[in-house]
Amino acid sequence: MERLRSGYLFPEISLREARHVEKYPDAKLISLGIGDTTEPLPDIIASSMAEYARSLSTAEGYGGYGAEQGNKALRKAIAETFYRDVQIKETEVFVSDGSQCDITRLQLLLGSNVSIAVQDPSFPAYVDSSVIIGQAGDFDDKSMMYGNIEYMKCVPQTGFFPDLAKTSRSDIIFFCSPNNPTGHAATRQQLEKLVTFAKVNGSIIIFDSAYAAYITDDSPRSIFEIPGAREVAIEVSSFSKFAGFTGIRLGWTVVPEELSFSDGFPLIKDFDRIVCTCFNGASSIAQAGGLACLSPEGFAAVCSITDYYKENAEILRNTFDSLGLKVYGGKNAPYLWVHFPGSKSWDVFSEILERTHIITVPGSGFGPAGEEFMRVSAFGHREGILEAARRLENLYS
């Protein structure tokens with residue numbers, strides 16, 4: 001814990017936001033920062049959870065603990081909805097209270113005596129959970145890196161994919177696609193290289209597909225679309241961003257039966273033990289909502305909300321383009337990655353907040369390669385997105 005840097009990125013932003021509100025109590029603050037969904041849940045999903053909750057007040061409907069691995073019907077629905085073409089079994093799906101929680105459970109499974117690699121920039125939870133469990137080593141203030149972590153630079157010059165020829169071997173590779181924060185969805189060819197790299201080096205890929213629903217081109221939505229991935233990869237995903245479950249908390253992890261430790265022991269057995277030891281299962285009410293999301297009517301409804309956020313991203317992308325700023329992402333992900341050459345990202349954060357009352361996220365919070373960049377979220381009500389676009393145009397035009 002002592003090796004952790006001063007604070008986790010998003011609470012630090014919330015703290016600065018609170019200070020700004022205190023300074024400008026009458027300002028209308030617009031958040032394009034923390035990736036929190038904003039649109040109401042479709043009625044079919046909210047009603048399913050409400051009905052399930054009401055049933056708990058009856059003798060016939062009441063139920064206590066469920067299976068730690070998740071409701072069998074939901075595990076089956078996840079497998080059939082997202083993994084039908086890659087033959088993932090329902091028994092390989094573990095339902096959880098969110099992918100971020102599963103990342104930490106996987107860290108507990110893997111322990112402190114493994115080496116890890118992360119994309120640079122990447123979602124801070126990968127690094128911070130590695131530090132907490134004791135994998136990371138000491139932090140170097142000059143390089144802004146932890147000594148025992150392999151930082152795989154994913155920048156525009158590399159096509160937002162690491163140069164694997166220059167990447168050292170590690171036991172565990174954290175990889176997010178579409179990437180948070182850059183918004184880049186790895187191509188099939190890129191993921192084929194990653195799987196081959198993992199096979200050659202005896203590495204395990206922890207693949208985060210939380211934003212797969214935002215992919216609009218032919219980029220793979222799951223690592224298991226890549227031949228051989230079942231032997232080297234685990235996939236974590238979530239209902240948060242595609243179904244608006246950020247506060248409801250529901251996700252899943254896929255652990256294939258073929259994935260084994262070097263001694264041949266199936267990893268799925270140990271993960272099952274971790275889940276049964278550390279977790280009493282996702283909320284039964286949330287799981288009822290998850291089942292509604294994956295019904296034909298519910299899935300169509302949540303997809304329409306995803307489309308709404310994609311339109312928000314297009315509005316913001318067009319705004320930054322019109323201002324002559326280089327912007328990435330926003331096509332396969334709800335995040336835009338905007339370049340401010342020569343600037344410190346926390347300085348840009350402060351300028352935007354002070355002059356426009358808009359919350360963004362400084363790129364340096366995602367790793368050293370994020371310096372000079374800002375992450376801008378497309379989650380928001382349309383009127384707020386349009387107003388943010390106007391304010392940014394007034395600031396930079």
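The points below are notes on helices, cores, loops and backbone geometry in this predicted model.

1. Helix H6 covers residues 188-201, and its 14 residues, at 1.5 Å a residue, should span 20 Å, which agrees with the 20 Å that separates its end C-alpha atoms. Its buried residues are Gln-190, Leu-191, Leu-194, Val-195, Phe-197 and Ala-198, and because these fall within an arc of 160° when seen down the axis of H6, they line one face of the helix. That buried set packs against strand E7 (172-176) and strand E8 (204-208), whereas the face turned away from the buried side carries the exposed residues Gln-189 and Val-200. Just after the helix, Gly-202 takes a positive phi of about 65°.

2. Ser-168 is found in the loop between strand E6 (149-153) and E7, and with 42% relative accessibility it counts as partly exposed. Leaving aside neighbours within four places in sequence, Ser-168 is in contact with Glu-150 and with Phe-197, the latter being one of the buried residues of H6. Between Ser-168 and Gln-189 there are 20 Å in space, C-alpha to C-alpha, for a separation of 21 residues in sequence.

3. The largest nonpolar core has 108 residues, and those with the most contacts inside it are Ile-78, Ile-205, Ile-223, Phe-224 and Phe-239. Of these, Ile-78 touches Tyr-83, Val-93, Val-95, Phe-239, Trp-252 and Leu-294, if residues up to four places away in sequence are not counted. Apart from this core lies another, of 7 residues, among them Tyr-214, Ile-305, Tyr-309 and Phe-379. As background, nonpolar side chains tend to be buried together in soluble globular proteins.

4. Helix H10 (residues 296-322) has 27 residues, for which 1.5 Å a residue gives an expected span of 39 Å, in agreement with the 39 Å between its end C-alpha atoms. Its buried residues include Gly-298, Ala-301, Ile-305, Tyr-309, Asn-312, Arg-317 and Phe-320, and of these Ile-305 and Tyr-309 also belong to the core of 7 residues. Thr-319, likewise in H10, has 5% relative accessibility and therefore counts as buried; not counting residues up to four places away in sequence, Thr-319 touches Ala-389, Leu-392 and Glu-393. Just after H10, Gly-324 takes a positive phi of about 80°.

5. Helix H3 (residues 72-82) and helix H9 (residues 284-293) pack at an angle of about 35°, their axes being 10 Å apart, and their crossing is left-handed. The contact is made by Ala-73, Leu-74 and Ala-77 on the side of H3, and by Gln-287, Gly-290 and Leu-291 on the side of H9.

6. Most residues other than glycine have a negative phi, and most peptide bonds are trans, so the following sites deserve to be listed. A cis peptide bond, with omega about 10°, joins Asp-120 and Pro-121, and Pro-121 is found in the loop between strand E3 (116-120) and helix H5 (124-133). The bond from Ser-177 to Pro-178 is also cis, with omega near -5°, and Pro-178 is found in the loop between E7 and H6.

7. Gln-87 is not a glycine, yet has a positive phi of about 55°; this residue lies in the loop between H3 and strand E2 (93-96) and, at 60% relative accessibility, counts as exposed. Arg-249, again not a glycine, has a positive phi of about 70°, is found in the loop between helix H7 (240-243) and strand E10 (251-254), and counts as partly exposed at 29% relative accessibility.

Key. Residues are numbered from 1 along each chain as its sequence is written. Side-chain values use heavy atoms; hydrogens and water are left out. Helices (H or I, at least four residues) and strands (E, at least two) are DSSP runs, numbered from the N terminus. The expected span of a helix is 1.5 Å times one less than its number of residues. Buried means under 20% relative accessible area, exposed over 50%, partly exposed in between (1.4 Å probe, protein chains only). The arc is that of the directions from the helix axis to the C-beta atoms. Contact means heavy atoms within 4.5 Å. A nonpolar core is a set of buried Ala, Val, Leu, Ile, Met, Phe, Trp, Tyr and Cys residues joined through side-chain atoms within 4.5 Å. Axes are lines fitted to C-alpha atoms, for helices over the stretch in contact, and angles run from 0 to 180 degrees between N-to-C directions. A crossing is left-handed if the near helix is turned anticlockwise from the far one by less than a right angle, and right-handed if clockwise.
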